[in-house]
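Student: I have a protein chain on screen. Let us go through its salt bridges, its surface and its confidence values.

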Amino acid sequence: SSRGGWNWEIFVKSSVIALIAYGIITLVEFLIFGVEFDNKFTILTLLAMIIVTLFQSFAEELMCRGFLMQTLGSWFRIPVVAIILQALFFTVIHSYNIMGLVDVLFSGLCYGVIAWYCDGLEVSSALHSVHNIIVFLTAGLTATELSNNITFEGSLEGILISLAAIAAIFLIDRKYNWIGLKRDNSVSE
């Protein structure tokens, strides 16, 4: 973080907002399309899934938005170039079909813009972690199988969920300054 270290308050608050946004959308999806619950978790596997998913998401954020985007940003001095290149790398390290890669590319672009805008990885890490945990949790609690073959609808759903979570974070912060994201103070509200 350019703020001089990791800010757990921003991470936790962003995680709560993302969890609510993703949770509401997932619940609505369950209500519309129905769901067959088939719990595959024990307490131990649930905890292991959450911990491993957090580490995996943090590692991708550190590698793509932390190291790669910041390095490229220092070389090119044009944020959009660094954001696009790190998003392309983020896409390449995932093994999905074309629709899944479109979803991953969009997520990588969003996470990159958020990391740049917020001057840190806390919000993008929260969004990424909550997204992955919801995906694995949903698969483990339902009869849904995880697959690398993503449908157009699945990709569109992923993009819309990402947009909803991002919009919720920015709107809540804009209105209540709950997270404390950076602002342009030259514009009066």
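Student: Which residue does Arg65 meet in a salt bridge?
Tutor: A salt bridge here is a side-chain nitrogen of Lys or Arg within 4 Å of a carboxyl oxygen of Asp or Glu. The N to O distance for this pair is 2.7 Å. Both partners lie in helix H2 (residues 43-76), 4 residues apart, about one turn of the helix. The partner of Arg65 is Glu61.

Student: Is Arg65 buried or exposed?
Tutor: The classes are buried (under 20% relative accessible area), exposed (over 50%) and partly exposed in between, with a 1.4 Å probe and protein chains only. Arg65 has 1% relative accessibility, so Arg65 counts as buried.
In the same bridge, Glu61 has a relative accessible area of 0%. For Arg65, the class is buried.

Student: What are the rules behind these values?
Tutor: This is a predicted model: local features need pLDDT of at least 70, side-chain atom pairs count only at pLDDT 80 or more, and totals for chains, interfaces and linings use all residues. Residues are numbered from 1 along each chain as its sequence is written, and side-chain values use heavy atoms, leaving out hydrogens and water.

Student: How many salt bridges does the structure hold?
Tutor: Besides Arg65 and Glu61, Lys40 meets Asp38 at 2.7 Å, N to O. Glu9 meets Lys13 at 2.8 Å, N to O. The count is 3.

Student: Which class does Asp38 fall in?
Tutor: Its partner Lys40 is exposed, at 55% relative accessibility. Asp38 has 32%, so the class is partly exposed.
For Asp38, that is the answer: partly exposed.

Student: Which helix gives the most to the nonpolar surface patch?
Tutor: Patch residues have over 30% relative accessible area and no salt bridge; like charges are joined within 9 Å, nonpolar side chains (Val, Leu, Ile, Met, Phe, Trp, Tyr) within 5 Å. The patch covers about 1,200 Å², and its members include Trp6, Ile24 and Trp178. Ile24, found in helix H1, is exposed at 51%. With 8 residues, the top contributor is helix H1.

Student: Where is the pLDDT below 50?
Tutor: pLDDT is the predictor's confidence in each residue, from 0 to 100. The chain mean is 87, and 93% of residues reach 70 or more. The stretch below 50 has 2 contacts (heavy atoms within 4.5 Å) beyond near neighbours in sequence. It is residues 184-189.

Notes. Areas by Shrake-Rupley, 256 points an atom, 1.4 Å probe, with all protein chains shown as cover. Helix = DSSP H or I, 4+ residues; strand = E, 2+ residues; numbered from the N terminus.
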